[in-house]
Amino acid sequence: MAAALQTNIRPVKFPAKLRALTKQSSPAPFRVRCAAASPGKKRYNITLLPGDGIGPEVISIAKNVLQQAGSLEGLEFSFQEMPVGGAALDLVGVPLPEETVSAAKESDAVLLGAIGGYKWDKNEKHLKPETGLLQLRAGLKVFANLRPATVLPQLVDASTLKREVAEGVDLMVVRELTGGIYFGVPRGIKTNENGEEVGYNTEVYAAHEIDRIARVAFETARKRRGKLCSVDKANVLDASILWRRRVTALAAEYPDVELSHMYVDNAAMQLVRDPKQFDTIVTNNIFGDILSDEASMITGSIGMLPSASLSDSGPGLFEPIHGSAPDIAGQDKANPLATILSAAMLLKYGLGEEKAAKRIEDAVLGALNKGFRTGDIYSAGTKLVGCKEMGEEVLKSVDSHVQASV
Ligand code: IPM
Ligand code: MG
């Protein structure tokens with residue numbers, strides 16, 4: 001699923017208002033994808049979508065880490081910042097400007113911070129920041145959302161679960177991202193025959209949507225510990241009955257993967273009872289939304305968890321699973337590690353640059369090993385740092401790994 005090789009992409013024309021916000025770090029007359037611009041260097045165009053709240057703080061740090069780790073592997077990045085969410089609403093009145101979508105589609109990968117905030121909470125639905133994110137996922141057709149939850153030995157004590165339950169957890173939630181109740185029609189709020197208002201949504205999955213996410217999940221499980229648990233509500237929902245039927249049928253093609261099924265209510269319980277029983281979980285959009293937040297807390301903090309959203313062939317979208325945290329925005333308190341680790345996923349799953357990805361993952365472990373912690377993962381005896389300092393420590397750690405290896 002690495003980004004397709006494509007050259008001579010035309011530059012996008014931005015209206016003056018958007019151009020003001022659009023920062024291009026290396027002005028390029030032609031947007032060239034994966035072409036060797038300087039000898040021996042591979043070039044990638046990355047769209048950065050800082051968004052709202054703590055988004056801009058964590059994105060600027062992740063960008064530096066990405067650049068640093070990439071340059072050590074001979075990769076050159078050209079970054080372009082575009083508005084999304086509340087930032088876009090304030091700037092041009094819509095949560096996802098067309099220019100942002102085109103820039104994202106024409107790049108090799110997209111790194112997003114976070115969207116949303118109190119300021120826009122009362123907006124009508126089509127003018128909510130969250131709507132911009134859903135439109136972006138749909139526009140990029142990123143149907144497969146990978147959300148790893150790994151308990152790092154350094155952070156076991158940050159988990160709210162007992163050490164023996166949390167220690168060693170390493171699971172991956174494969175969430176369907178562009179279908180189900182989030183996008184299903186009919187939907188809306190109307191007045192019924194009794195004059196009463198009713199709100200309704202539709203959980204709908206076509207066979208091909210189930211098959212393609214199931215394939216990603218089987219492949220993912222195959223590269224991990226070979227265990228796949230499909231989570232549904234097939235005792236109640238028709239969409240889940242079809243889901244289970246299709247996933248079961250596909251299992252024949254993956255005899256090396258051990259498939260099991262679980263109802264979502266049970267899965268929610270099992271995740272806190274005995275999370276180590278899970279390797280790879282595949283589930284629909286809404287169950288994946290809920291279970292991935294739950295899984296994140298096993299690891300100690302939602303501030304640690306990255307995600308990758310992949311399509312069949314276009315650029316992937318990489319984002320921390322935490323939100324915009326407006327309560328701590330601009331105070332240098334955010335944990336940048338989820339976004340830094342999302343940059344690592346961008347390298348690994350989006351660009352196929354595994355070595356550079358590994359540099360970032362090792363650097364994060366390096367900073368944690370030195371005892372640096374942001375507030376959300378702080379425990380007695382460790383060093384409390386802000387967002388910027390954590391970023392600097394990870395950068396130093398990228399460098400020190402180089403020195404250690406020469
Ligand atoms: C997530 C978020 C989003 C979702 C919101 C912000 C629309 O909770 O990425 O998990 O529900 O998918
Ligand atoms: Mg969520």
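Ligand 1 is a good place to start in this predicted model. Six residues surround ligand 1: Glu130, Arg137, Arg147, Arg175, Tyr182 and Asp289. Three of these side chains can be followed to particular distances. In Arg137, a side-chain N or O atom is 2.7 Å from an oxygen atom of ligand 1. For Arg175, the corresponding separation between a side-chain N or O atom and a ligand oxygen is 2.8 Å, and for Asp289 it is 2.9 Å. The protein covers 77% of the 320 Å² of accessible area that ligand 1 has on its own. If you look at the space that ligand 1 takes, you are looking at the second largest pocket.

From here, let us move to helix H5, which runs over residues 129–140 and holds Thr131. Is Thr131 buried or exposed? Its relative accessible area is 15%, and because the cut-off for buried is under 20%, Thr131 counts as buried. Another way to place Thr131 is through Gly116: the two are 15 residues apart in sequence, and their C-alpha atoms are 9.7 Å apart in space.

Just beyond H5, the chain enters the loop that leads to strand E4 (144–150), and Lys141 lies in this loop. Lys141 is worth a look for its backbone: its phi is positive, about 55 degrees, although the residue is not a glycine. With a relative accessible area of 59%, Lys141 is exposed, since exposed means over 50%.

A second residue of this kind is Ala325, again not a glycine, with a positive phi of about 40 degrees. You will find Ala325 in the loop between strand E12 (316–318) and helix H11. Its relative accessibility is 23%, so Ala325 counts as partly exposed.

The backbone has another feature to visit in the loop between strand E5 (170–176) and strand E6 (188–191), where Pro186 is found. The peptide bond that joins Val185 and Pro186 is cis, with omega at about 0 degrees.

Now follow the chain into H11, residues 337–350. How does the span of H11 fit its 14 residues? At 1.5 Å a residue, the helix should span 20 Å, and its end C-alpha atoms are 18 Å apart, which agrees. H11 is mostly covered, with twelve of its 14 residues buried. The buried stretch includes Leu337, Ala338, Thr339, Ile340 and Leu341, and among the other buried residues are Met345, Leu346, Leu347 and Gly350. After H11 comes Gly352, with a positive phi near 70 degrees.

Helix H12 covers residues 354–369, and the 16 residues should span 22 Å at 1.5 Å a residue. The end C-alpha atoms of H12 are 22 Å apart, which agrees. Which residues of H12 are buried? They are Ala356, Ala357, Ile360, Ala363, Val364, Gly366, Ala367 and Leu368. When reading such a list, it helps to recall that an α-helix has 3.6 residues a turn, so residues three or four places apart point the same way. H12 is followed by Gly371, whose phi is positive, near 95 degrees.

Methods
Residues numbered from 1 in each chain as written. Chains lettered and ligands numbered in written order. Predicted model: local features only at pLDDT ≥ 70, side-chain atom pairs only at ≥ 80, totals over all residues. Heavy atoms only, no water. Helix = DSSP H or I, 4+ residues; strand = E, 2+ residues; numbered from the N terminus. Expected span 1.5 Å × (residues − 1). Buried < 20%, exposed > 50% of the residue type's maximum accessible area, 1.4 Å probe, protein only. Near = heavy atom within 4 Å. Polar contact = N/O pair within 3.5 Å; in protein donor to acceptor, adjacent residues only side chain to side chain. Areas by Shrake-Rupley, 256 points an atom, 1.4 Å probe, with all protein chains shown as cover. 1 Å grid on protein atoms, 1.4 Å probe; cavity = no way out; pocket = protein on both sides within 12 Å on 5 of 7 lines; lining within 4 Å. Sits in = over half its atoms within 2 Å of the grid points.
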